[in-house]
Amino acid sequence: MQKIASGWQSTRKLRAVWVAGIVSVLAFGVSTPTLAQEDDVGPKYDIPTGAPPSPLFGAQPFTQPMMLFEEFGTQPIPTSNCTNCAPLPPPSSCSGTPNSAALDSFLRQPLSPLPTREANVSLPSYWATAVGNCVRPLASSAVEGRPPGEWFAHQRWEEFFPRVYLQTAVAGARTNTGLRDSAQRHRYAVGEFRRSGGLYYRNGTTRGMQVRFHPNFPVQDTNSVWTFDGTVPPKLLQARYGEPILFRNHNALPVDFSANNGFGAHTLSTHLHNGHNPAESDGFAGAFFFPGQFYDYRWPMALAGHDTINTDATNPRAGAPDGAGGVTRVRGDWRETQSTLWFHDHMLDYTAQNVYKGNAAMMNIYSAVDRGREGLRCNYSNPNNANLCLPSGTALDWGNRDYDVNLLIADKAWDSNGQLFFNIFNLDGFLGDQVLVNFTWRPFLDVRARRYRLRILNGAVSRNFQLALVTQTGQRVPFHMVANDGNIMEHAIPFPNAQSQDLPEIAIAERYDIVVDFSRFAPGTRLYLVNRLEHRDGRGPKETIPLAEVLSGEYDGDPAVGRIMEFRVQSYGGVDRSMNPVMYEPGGRTMVPLPAVPANVLQTAVRRDFEFARSGNTDSMPWTIRTDGGNGMGADMSVVSAAPTLNRWEIWRLHSGGGWQHPVHIHFEEGRILTRDGAPPPLWEQGARKDVFRVGDDPTGHSSGEVEVLLRFREFAGTFVEHCHNTQHEDHAMLLRWDARRPGQVVAVPAPIPDWEGVYYEPSVDLPTAVRN
Amino acid sequence: MSWDRAVRRVGYALAAVVAAMAGQSESASSQEVRWGRSYFPNVVLQDQHGRSLRFYDDIIRGKVVSINFVYTTCTDICPLDTAQLRQVQQILGDRVGRDVHMYTISINPERDRPEDLRRFMRTYDIAPGWTFLTGARADIDLLQQRLGLRPVDERNLREHETSIVVGNEATGRWIKRSAYESPQLLADLLGRVLHNYGPPVTSTRETYAVAGEVTDRSRGFYLFRTRCRSCHTIGEGDRLGPDLRGVASARSHAWLSRWIREPDVMIAERDPTAMALLARYRNLPMPNLGLNEAEANQIIDYLRREDSAATSTQP
């Protein structure tokens, strides 16, 4: 009380902040113009949404190093059953979690039981006893939560039989014990991860790291943050084409739903965004699993076009590093090569809360063209070489991360105790007032004076960013965008350019890979990543704030606008063997060209229309998607809104009315943007393939009311979804189900109904326009 | 008092509230209070019998609830809302009032007094266990806000948010759902999901081998399923409204099409058939669901197809 009251005595600005915060407590859940706004003491918005400002506990910005992603590591799939492996350790109580040491021991064991084509329902849930005591006695249960039988059996199982696996458990926050130290490919021994002189050695372990966003802040409670392993740093999967992966995700969350510190669901579904994966391993929102169960996701790591293009696997650009300087060639279209992906929870109704709570990881795919190894038969020295030699490092044959850094950016809020907070009642979209990078609050990152690749992911719930990279004096730092979403582009796009001075707007789930040359700056220089995009509520971004206004401190609106991280340039003694992106600008060499399209595709493609709006076009109606001019519908996992046939070209028109913005995500397949409002898309969406498409309100000029996307689904069938990736919109319930069907398939996949006792099915129904002949 | 000082005074009072909330969350284990007593206003409402109930203590505390907002003179979406929820109540049976609690709150409280609520319930033939409530407008607006709904001005009642909020106060699990959603899904949420999937699955399940035959893909069927079926059957007897078996031949196409599109206008014009139907079905008016002529024709075509299919399969 004392502290709050004294706030009122200080400057007008500070008072305005308090008014905004307090008014929002009153008006919880609904965006209302604040009293302060009318009083004209500086516009303050309801940010964080429905809560007072997040306290900073005296922390100063740029005083802690940024956490770097920790590699999951993969291991060869075992060939025989483990005979003495222990089960997932039981929870300490109905609202408790497994003992931390026991969980680590469990995760260290070999994969057991061995994976099966159909879901493993021959063994009971690991926690059948606990569930029986806490919920109800179970007549049956299954150790695997994947829906049973043929519908969710792994497609083409023998053909893409997993060669490697990783297992993790989604668990409450706990101290990292260094479980994965030995799985780091650099082993804290080489390049910038080496002990002597490496920038990123960091004691050579993650042991002892607690979940907290800054050393000044309190440690997060077990149930405030739920992550893979229950630990930080955030996790990274390094994968290779041609090496199918089995990802066993155990659910070690509390049996009692209410043990969630105010938000998050303990049932899970993990979506690999946007892998070329069969539906049973896509993380379908309705195929979720319970505490005490696992779900086996099998990711084939196949190039799209596997069945029709380069079927003799002779193209040297279609392949993956073999670990010994060569390339293992694979079938498929190398122009479909993907690079920067992520996977995250996709639980029906709970994606926003669960991803916000920490259930997100990144995935870098390595290939012949994107090897993560510079200086090895580089394309820049001979155009016949596949390896683009993007900045990475030279110590390892592939997957060097010395100069290739993943950045997960997300806004958060925390309560007066420093515990992560989410307003479950605001469905316009939830905004935090503080921006974390890799779960660290306003960190710094030491970088060498050389080229870097930064893989930027917007991991927010409802916030878009527009990022500038500037010097201490506010001068823009030039850079190139080399990949948009999961895909390396035809050409590297230089920034600033005629269409954008800074990195373009990045919506939720979008990714931009950029190459920055820090060698332009003397050691000791400090650079900043700055967010310029203002939100006033979760409906969509409002306006781009002039850089000068942001940097001078003159701007005091949205608290998430401003500097979010610092780069500290250090001297570089090595030789930069990475590509110079200038060579790959439009007009120069190509990186990854777009796949070929038949000349008459615009005439022959199947066309579908999806309108993202409030039904009835009023703000008071629920979020819906209107398919092909039909009725606006909310999510219903038993209704198939579109049923494209494999191998056929489709053009999907996505659009939305004004006032709101929806970043639309189509699962399974990258689309090519044909037009935005009838015109060509901006530079960075030309020669690019996308999996997130912004439609609706467009204050930055980087988006449009409508977008036309060219798609084709291949190799795998089943039940997928399409939704708004403003995850609060998605959860309530701007999501639709679409099914990819094999030619001649006339039976819809039934809708799974998961339960503690197992998964049931209910019939599905097609919308009248779902099937086109 | 200047505006500035007024703001400050309100601010002090609220700061105390904030501090009290912070104190509570410190002292409580986990955060049961986050969406509990300190969040939901304990405002007093009146039920259809005129009894006073406190929102937090008497209506939601420790319960699984569904809450929606209507006004009794509504002629478009509210009737569909209510009919859908009535189906939910039928699916859940005697659990309603026992471990699932259904509440409908008036957003036109000056107009809707307890006797109006009782009349509305009679019209819809609402079974016991489902409570209708009215109260003070400011309180009801506040409730809507806290539940994540946008209150509307009394002049814009037609624009009100028709979502159904379902939740379990004890576990802090709250979900907003559309009125168009299938009653089965809502019943599953209320009866199973919100109880931490406690009660076993009870509805008849088909095995995956036989499920999922792609059925009628016509738009007429889709419209019937989402807009008509909560009140009507085809050949299975009356629900809230009449059984529609044979209606496509019993009435002229023009009359039926118009009745589907603008029943409110026909009632206002005192169309004799419309008035007879009204009298026969507890004065429950057929709602105007905003369907256009093409949609009405699709529904009529669907009804015809169903009739002829029934005739052709008769021995």
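Two strands count as paired when DSSP finds at least two bridges between them. Keep that in mind as you explore this predicted model.

**Stop 1: the sheet.** Colour the strands of chain B. You should find an open sheet of 7 strands in the order 2-1-5-4-3-6-7, with mixed pairing. Now select strand 2 (52-54) and strand 7 (173-177) of chain B: they stand at the edges with a single partner strand each, so one side of each has no neighbour in the sheet. Look along the sheet as well: on average, neighbouring strands are turned by 30° against each other, direction ignored.

**Stop 2: one pair of strands.** Strands of a sheet pair through backbone hydrogen bonds, either parallel or antiparallel. Select residues 64-70 and 164-168 of chain B, which are strand 3 and strand 6; in which sense do they pair? They are antiparallel, over 4 bridges. Zoom in on Val65(B) to find Gly167(B) of strand 6 opposite.

**Stop 3: a helix over the sheet.** Next, show helix 4 (114-123) of chain B. Helix 4 lies across strand 1 (44-47), strand 4 (101-106) and strand 5 (130-134) of chain B, and runs at about 145° to strand 5.

**Stop 4: two domains.** Zoom out and colour residues 30-195 of chain B as domain 1 and 219-310 as domain 2. Their centres, taken over C-alpha atoms, are 28 Å apart. Each domain gives 13 residues to the contact. On the side of domain 1, helix 3 (77-92) and helix 4 of chain B each give two or more residues, and helix 3 has the largest share, with 5 residues. That side of domain 1 holds 6 nonpolar, 4 polar and 3 charged residues.

Note on methods
Residues numbered from 1 in each chain as written. Chains lettered and ligands numbered in written order. Predicted model: local features only at pLDDT ≥ 70, side-chain atom pairs only at ≥ 80, totals over all residues. Domains from an automatic or database assignment. Contact = placed C-beta atoms within 7 Å. Nonpolar A, V, L, I, M, F, W, Y, C, P; charged D, E, K, R; others polar. Axes fitted to C-alpha atoms, helices over the stretch in contact; angles between N-to-C directions.
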